[in-house]
Amino acid sequence: MVKQISLDAWQIQHLLELLKKGSEIVTKTNKPIVLYRQTLEEEEDSHEEIICTLIKNYVIEQLVISGGGIVPSFHQQFVFTLEEFPQELSRKSRDRFFQVIDFLEEQLS
């Protein structure tokens, strides 16, 4: 059990370090990094999706509805500090957690 706790802590720390590196790049380029997009619902020409974006020192997760004749609108928005986000993502979805790590490792190498 101790080894598993250590591995989880290391993974969370590793993601935090990647987020900090990404945040530095965002600061230099002034362009956010989209960590992931997840379509929740599609109906004809409109869709509902979650967009998770890394900006300077924060991660923003937004529920966006757009498409067709619908003006894009934000129905929910969560703002996490870089320190909060790894724990939150790990709690929500381990698969997504590892996808974000893989994505950032690829983008930042």
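What follows is a walk through the fold of one protein chain, starting with the whole and ending with a pair of helices. The structure is a predicted model.

Taken as a whole, the chain has 109 residues, and 38% of them count as buried. Its C-alpha trace stretches over about 50 × 35 × 20 Å along the principal axes. In secondary structure there are 3 helices and 4 strands, and reading along the sequence gives the pattern α-β-β-β-β-α-α. As for how the chain meets itself, take the contacts with a separation of 6 or more: 40% of these come from residues 24 or more positions apart.

The sheet comes next. The 4 strands make an open sheet, laid out in the order β1-β2-β3-β4 with antiparallel pairing. Sitting at the edges are β1 (33–43) and β4 (70–81), each of which has a pairing partner on one side only. From one strand to its neighbour the direction turns by 15° on average, if the sense of the turn is ignored.

Going through the sheet pair by pair, β1 meets β2 (residues 46–55) in the antiparallel sense, with 9 bridges between them. One way to find this pairing in the model is to look for Y36, whose bridge partner in β2 is C52. The next step across the sheet, from β2 to β3, is also antiparallel and is held by 10 bridges. Here I50 can be found opposite L63 of β3. These two strands form a hairpin with 2 residues between them, and N57 in this hairpin adopts a positive phi near 70°.

The last step goes from β3 to β4, again antiparallel, with 9 bridges. Y58 and T81 face each other in this pairing, with T81 belonging to β4. Another hairpin appears here: β3 and β4 are separated by 2 residues, and G68 in the turn has a positive phi of about 55°. How enclosed is β3 by the rest of the structure? Largely so, because 9 of its 10 residues are buried.

On to the helices that follow the sheet. Helix α2 (residues 85–92) lies across β1, β2, β3 (58–67) and β4, so to speak touching every strand named here, and runs at about 115° to β4. One residue of α2 worth a look is E88. Is E88 buried or exposed? With a relative accessibility of 19%, E88 falls under the 20% cut-off and therefore counts as buried. The side chain of E88 also makes a polar contact of 2.5 Å with the side chain of R91.

Helix α2 also packs against helix α3 (residues 94–108), with the two axes 5 Å apart and at an angle of about 135°. The two helices are therefore oblique to each other. On the α2 side, the contact is made by P86, L89, S90 and K92, while α3 brings in R94, R96, F97 and V100. Sorted by class, this contact consists of 4 nonpolar, 1 polar and 3 charged residues.

Definitions and conventions
Residues are numbered from 1 along each chain as its sequence is written. This is a predicted model: local features need pLDDT of at least 70, side-chain atom pairs count only at pLDDT 80 or more; totals for chains, interfaces and linings use all residues. Side-chain values use heavy atoms; hydrogens and water are left out. Two strands pair if DSSP finds at least two bridges between them. Axes are lines fitted to C-alpha atoms, for helices over the stretch in contact, and angles run from 0 to 180 degrees between N-to-C directions. Contact means heavy atoms within 4.5 Å. Buried means under 20% relative accessible area, exposed over 50%, partly exposed in between (1.4 Å probe, protein chains only). A polar contact is a pair of N or O atoms within 3.5 Å; within protein, one must be able to donate a hydrogen and the other to accept it, and residues adjacent in sequence count only if both atoms are side-chain atoms. Angles under 35 degrees count as roughly parallel, over 145 as roughly antiparallel, 65 to 115 as roughly perpendicular and the rest as oblique. Ala, Val, Leu, Ile, Met, Phe, Trp, Tyr, Cys and Pro count as nonpolar, Asp, Glu, Lys and Arg as charged, and the others, Gly among them, as polar.
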